[in-house]
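Here are a few exercises to work through with the model open in your viewer. Try each one before you read its solution.

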Amino acid sequence: EEHLCRLFIKKLSSVPEITIYRKKNASYVPIVSFNIKGVPPETVAEYLNEHGFCLRAGLHCAPLAHEYNGTTEGTVRFAPSMFNSEMEVLKLAAALKKYVRILKSERKVLN
């Protein structure tokens, strides 16, 4: 699970429109929270759902943590399990990159 989180982060770290909220050397917590600049987390999760991925969006029962991090609208949460594969993570990262390209072409992502 941790390997899949690190792979996910690695594949998205080159996309400036995606903000990842996770310490680089975080102890084992197989969760990665992220946002796309200028896009509500629910909109991102809905897009991913329409393309075969199930990620949660929102405050994740931690509104004070979101207040502290400045993510008062919440985040999208990637939480792989032992049943997920590297290929699924690569496809998810590719879907997010494609979504950012679509948003940029429609000028919906804030710079």
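**Exercise 1: a pair with Lys104**

Lys104 counts as partly exposed, at 45% relative accessibility. This is a predicted model, so keep that in mind as you go.

Task: find the salt-bridge partner of Lys104 and say whether that partner is buried or exposed.

Solution. Step one: Glu17 forms the salt bridge with Lys104, and the closest N and O atoms are 3.3 Å apart. Step two: place both ends. Glu17 sits in the loop between helix 1 and strand 1, while Lys104 is in helix 4, 87 residues apart. Step three: Glu17 has a relative accessible area of 9%, and the cut-off for buried is under 20%, so Glu17 is buried.

**Exercise 2: a shared partner**

Task: work out which residues are joined into one network by salt bridges that share partners.

Solution. Start with Glu2 and Arg6, whose closest N and O atoms are 3.2 Å apart in a salt bridge. Both lie in helix 1 (residues 2-12), four residues apart. Next, Glu2 also meets Arg22 in a salt bridge (2.8 Å, N to O). Arg22 is in the loop between strand 1 and strand 2, 20 residues from Glu2. Put together, Glu2, Arg6 and Arg22 form one network. As for burial, Arg22 and Glu2 are both buried, whereas Arg6 is partly exposed at 41%.

**Exercise 3: sheet edges**

Task: which strands stand at the edges of the sheet?

Solution. Read off the order of the four strands, 1-2-4-3, in an open antiparallel sheet. Strand 1 (18-21) and strand 3 (56-58) stand at the edges, each with a single partner, so one side of each has no neighbour in the sheet.

Note on methods: Residues numbered from 1 in each chain as written. Predicted model: local features only at pLDDT ≥ 70, side-chain atom pairs only at ≥ 80, totals over all residues. Heavy atoms only, no water. Pairing = 2+ DSSP bridges. Helix = DSSP H or I, 4+ residues; strand = E, 2+ residues; numbered from the N terminus. Salt bridge = Lys/Arg side-chain N within 4 Å of Asp/Glu carboxyl O. Buried < 20%, exposed > 50% of the residue type's maximum accessible area, 1.4 Å probe, protein only.
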